[in-house]
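Colleague: I would like to go through this model with you step by step. Could you take my questions in turn and show how each answer is reached?

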Amino acid sequence: MKILMICTEKLPVPPVLGGAIQTYISGVLPYLSKFHDITVLGISDPSLPDQETINGVHYVRVPGKVFEIYRENVVRYVEANHFDLIHIFNRPRLVIPVRNVAPKSKITLSMHNDMFNPEKIDPEEAQAALEEVSNIVTVSNYVGNVIRDLYPQASPKIRTIYSGVDTERFLPGSHPKMQKIRNEIRQAHGLENKTVILYAGRLSNNKGVDKLVRALPELSKKFKDLALVIVGSKWFSQNDVTDYVAYVRALAKKLPIPVVTTGFVAPDEIQNWFAAADLFVCTSQWQEPLARVHYEAMAAGLPIVTTARGGNPEVILSNENGLIVENPEDPNCFVEKISQILSGKSLMKRMGEKGRGLAVSRYKWDRVASELLEVWAQAKEVKQEKTNEEHIAEPVAEPVAESVAEPVAEHVIEPVTESVAEHAAEFESENDNIIEGQLEKGTEEQTQDPSTETDSTHEQTRSKVRGKHFIITSGVRKTEMGSTREKIRGKVHGKYFIITSGH
């Protein structure tokens with residue numbers, strides 16, 4: 001199939017600036033591109049050309065670090081190019097705009113965060129998007145369950161596909177390829193003969209690394225020769241000092257043990273710091289979907305301490321490859337779990353080996369790609385059929401500007417100057433569906449708004465009844481639509497029109 005993968009507007013692909021979604025895409029592409037003709041659409045970056053083809057994968061990059069601008073450029077590109085399947089990453093708000101210009105393409109969706117929460121997407125738009133997608137891939141059961149709780153009808157479409165890691169790049173420090181790198185890093189930063197605790201991630205309050213820093217005075221009393229390495233910055237590739245970053249650094253300066261703060265580390269070097277460490281700690285305070293650093297720590301053979309937040313615990317076999325902190329807001333809880341692992345070298349070794357084994361057996365990129373291929377194959381078989389029955393209109397929460405009425409064939413419709421109600425009876429007899437009640441009278445100016453254009457499964461028009469706006473949907477099959485810009489067809493005085501009303 002000819003497939004388009006649409007990344008988010010935050011960071012470019014390949015992940016030259018980092019990013020979990022960008023790393024995910026780059027990880028699976030070598031396997032997916034063996035079976036399909038793939039184009040990756042993402043954000044532009046000064047370090048990357050606007051278009052290029054690498055190993056058979058086409059990369060197209062467009063401006064728009066703001067979602068609204070990015071959406072416009074995505075729509076413009078999709079409208080000008082045909083794809084059999086479009087896979088959208090973590091932006092359900094792109095589904096309807098993409099569907100409007102790609103009525104015959106299958107659409108699948110990958111969810112890496114809680115982007116279906118009501119504060120991030122209007123519930124009506126969310127439901128419409130869920131109807132349009134053939135499948136929804138989530139990076140954890142947690143993310144999938146959030147969607148199920150909000151929209152139970154979407155449950156059959158949801159499938160968890162855990163992310164992956166390059167197990168040939170992330171290797172234990174004891175591996176022959178990494179021993180020299182491990183020793184050089186430790187020597188350069190005064191970490192020889194230390195038990196190095198590693199944190200890797202953004203420096204923000206919801207990531208919570210300050211809780212780890214505050215746990216270390218007590219830990220240092222119990223265990224000799226500890227050291228802390230903090231890898232990361234406030235945001236990918238940005239080393240600005242925020243109030244939180246300054247706070248963490250101030251806490252670290254008071255510690256009785258060595259602390260190394262690296263700032264942002266390039267994605268192609270991050271594995272070296274994992275190899276130099278002995279224990280990995282994730283301190284997330286928020287309901288994290290499932291931080292990919294867990295996979296990297298496992299691949300590097302590190303025992304893990306993580307938090308009972310979101311999807312993070314899903315890759316931890318308690319007492320086998322790590323431990324889970326139930327109350328991460330309390331630094332003493334980190335003291336307890338970290339102490340449990342540091343209490344015996346044999347336990348650390350066993351947990352690290354178990355994690356490495358899990359990474360190799362469960363979390364390699366070829367497994368992720370194989371599951372995605374299954375999802376795409378299923379999507380190809382899905383038939384989004386609609387009945388020919390007419391559906392009663394549902395209220396729309398907010399009025400939306402409507403498109404100027406467009407003619408069908410040679411007939412031209414003028415701006416509405418008469419009451420739509422004059423033709424309601426005949427319209428009902430022809431289409432077997434009209435909103436009950438008296439339609440409002442009066443001339444209403446019509447304005448064009450591409451955002452109100454129909455999706456592929458229903459042709460639509462909006463009317464105003466008793467002061468409320470409604471969408472009238474018809475059961476016209478997708479294959480019968482003449483254009484993605486068409487609205488519902490009505491027959492008035494023997495002539496067919498595409499009817500829209502203003503507001």
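Colleague: Is β2 largely enclosed or left open by the rest of the structure?

Modeller: This is a predicted model, and what follows is computed from it. A residue counts as buried when its relative accessible area is under 20%. Six of the seven residues of β2 meet that condition, so the rest of the structure leaves this strand largely enclosed.

Colleague: In what order do the strands of the sheet lie?

Modeller: The sheet is an open one, built from eight strands whose pairing is mixed. Strands β3 (51-54) and β8 (158-160) each have a single partner strand, so they stand at the edges and one side of each is left without a neighbour in the sheet. From one strand to the next the twist averages 20°. Read across, the order is β3-β4-β2-β1-β5-β6-β7-β8.

Colleague: Which residue of β5 stands opposite Leu-4?

Modeller: Strand β1 covers residues 2-6 and strand β5 covers residues 85-89, and the two pair in the parallel sense over four bridges. Strand β1 also runs parallel to β2, to which five bridges join it, and there Met-5 stands opposite Val-40. On the β5 side, the residue opposite Leu-4 is Ile-86.

Colleague: What angle does the direction of helix α1 make with that of β2?

Modeller: Helix α1, residues 20-32, packs on the sheet, where it touches β1, β2 (37-43), β4 (57-62), β5 and β7 (135-138). Its direction makes an angle with that of β2 of about 165°.

Colleague: How do helix α11 and helix α12 stand to each other, and how many nonpolar residues does their contact have?

Modeller: The axes of α11 (residues 331-342) and α12 (residues 345-362) come within 6 Å and cross at roughly 95°. Angles of 65 to 115 degrees count as roughly perpendicular, and that makes α11 roughly perpendicular to α12. The contact is made by Gln-340, Ile-341 and Leu-342 of α11 together with Leu-347, Met-348 and Met-351 of α12. By class, these include one polar residue and no charged ones, while the number of nonpolar residues is five.

Colleague: How many disulfides does the count come to?

Modeller: A disulfide is a covalent bond between the sulfur atoms of two cysteines. The test applied here asks for a pair of cysteine sulfur atoms within 2.5 Å. By this rule the count of disulfides is zero.

Colleague: Is Cys-333 buried or exposed?

Modeller: Cys-282, with a relative accessible area of 5%, is buried. For Cys-333 the relative accessibility is 15%. The cut-off for being buried is under 20%, so Cys-333 counts as buried.

Notes:
Residues are numbered from 1 along each chain as its sequence is written. This is a predicted model: local features need pLDDT of at least 70, side-chain atom pairs count only at pLDDT 80 or more; totals for chains, interfaces and linings use all residues. Side-chain values use heavy atoms; hydrogens and water are left out. Two strands pair if DSSP finds at least two bridges between them. Axes are lines fitted to C-alpha atoms, for helices over the stretch in contact, and angles run from 0 to 180 degrees between N-to-C directions. Contact means heavy atoms within 4.5 Å. Buried means under 20% relative accessible area, exposed over 50%, partly exposed in between (1.4 Å probe, protein chains only). Angles under 35 degrees count as roughly parallel, over 145 as roughly antiparallel, 65 to 115 as roughly perpendicular and the rest as oblique. Ala, Val, Leu, Ile, Met, Phe, Trp, Tyr, Cys and Pro count as nonpolar, Asp, Glu, Lys and Arg as charged, and the others, Gly among them, as polar.
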